[in-house]
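Me: Could you take a close look at the open sheet in this model, going strand by strand, and keep to what can be read from the structure itself?

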Amino acid sequence: MNPGEFGRYLRLELNRSEHTVSAYLGDIGQFADWLGCEGAELVGPGKVSPNDIRDWLGSLAASGESPASLRRKTQSLRALFRWAMRRGLTDSNPAAEVTLSKLPRRLPDIVKADEMEALLDFDPGQDFHMCRLHLCLAMIYGLGLRQAELLSLTDADIRRSAQGDELRVTGKGNKERILPLPEELAAEIARWQQVRDRRYPDLATPKPLIAGARGAINKATLYQSVRQALSGTSAARKSPHVLRHSFATALLANGANLDAVRQLLGHVSLSTTQIYTHLSMTELRQAYDAAHPRAEKKD
């Protein structure tokens with residue numbers, strides 16, 4: 001196996017992100033080490049059997065590897081052998097016969113709507129860091145953006161027209177979607193751009209929207225800022241992705257169409273979005289008390 005060629009296949013033909021490419025290559029290297037061979041030796045005819053892969057995954061499961069990790073490792077090997085078959089290096093895909101690990105269906109953690117309103121109910125004034133933090137919170141919660149999507153935005157992605165402002169977002173697999181920008185959020189972006197440009201007048205164009213001294217801030221900076229901001233909320237997890245969960249849950253709780261939410265989030269499958277249709281125990285109890293004839297009625 002040529003890691004460079006396989007990596008290009010993942011990037012260019014499968015549209016995998018750099019993060020995913022790195023993870024896949026790491027998985028394949030780990031499997032080769034477990035077998036006691038070089039990565040190039042994996043793709044020859046009959047070199048690897050489905051049972052080899054099952055034994056490897058079983059050893060990882062026994063050591064506490066998560067189902068999500070086991071699933072990705074299987075997908076890494078499936079991609080490797082698909083690529084090898086296309087190159088004529090092997091005539092079968094042993095990983096295709098290995099069942100993917102099932103992922104637990106956990107309810108998404110969210111920040112309550114009233115907590116988010118309280119969190120956003122402050123005027124950051126002209127303070128650079130407070131303005132940037134407020135905009136990050138408002139854009140993730142207000143538009144349901146992923147971290148990488150927010151950090152990849154530039155001024156060129158904002159489109160202003162007579163029909164209203166729009167935002168071009170590049171999501172997973174370089175898929176683009178257009179989101180409507182609420183007036184209040186569009187106005188905040190415009191104010192932030194003035195603050196940013198006073199602080200960093202020499203940023204290269206197109207200017208990164210969420211900027212630091214050397215361009216767009218990194219994920220670690222965003223994560224730590226959001227985590228600190230959410231420290232006073234009741235959410236068990238305090239991360240940018242929790243705000244994305246909160247966005248979807250708020251829309252569906254207020255009657256938004258499931259497919260519309262799917263498109264706003266950039267999900268390919270409707271089943272991915274359906275996890276947000278959960279109801280809290282309070283909402284379930286209210287629905288039961290209001291509708292069921294056996295519920296206890298109070299005068």
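Reply: What follows is an account of the sheet, with a short look at a helix pair at the end. This is a predicted model, in which local features need pLDDT of at least 70 and side-chain atom pairs count only at pLDDT 80 or more, while totals for chains, interfaces and linings use all residues. Residues are numbered from 1 along each chain as its sequence is written, and side-chain values use heavy atoms, with hydrogens and water left out.

The sheet is open and has three strands in the order β1-β2-β3, with antiparallel pairing; strands are DSSP runs of E with at least two residues, numbered from the N terminus, and two of them pair if DSSP finds at least two bridges between them. The edges are formed by β1 (158-159) and β3 (176-180), each of which has a single partner strand, so one side of each is left without a neighbour in the sheet.

Taking the pairings in turn, β1 and strand β2 (residues 166-170) are joined in the antiparallel sense over two bridges, and R159 has E166 in β2 as its bridge partner. Between β2 and β3, which also run antiparallel, there are five bridges, and here V169 stands opposite R177 of β3. These two strands form a hairpin with five residues between them, in which G173 takes a positive phi near 65°.

In a regular strand the side chains alternate between the two faces of the sheet. Along β3 this alternation can be followed residue by residue: R177 and L179 point to one face and are buried, whereas E176, I178 and P180 point to the other face and are not buried. Buried here means under 20% relative accessible area, with exposed being over 50% and partly exposed in between, for a 1.4 Å probe and protein chains only.

Turning to the helices (DSSP runs of H or I with at least four residues), helix α6 (residues 128-143) packs with helix α8 (residues 183-199) at an angle of about 150°, their axes being 10 Å apart. The axes are lines fitted to C-alpha atoms over the stretch in contact, and angles run from 0 to 180 degrees between N-to-C directions. The two helices α6 and α8 are therefore roughly antiparallel to each other, a term that applies to angles over 145 degrees.

Note on methods: Parallel < 35°, antiparallel > 145°, perpendicular 65-115°, else oblique.
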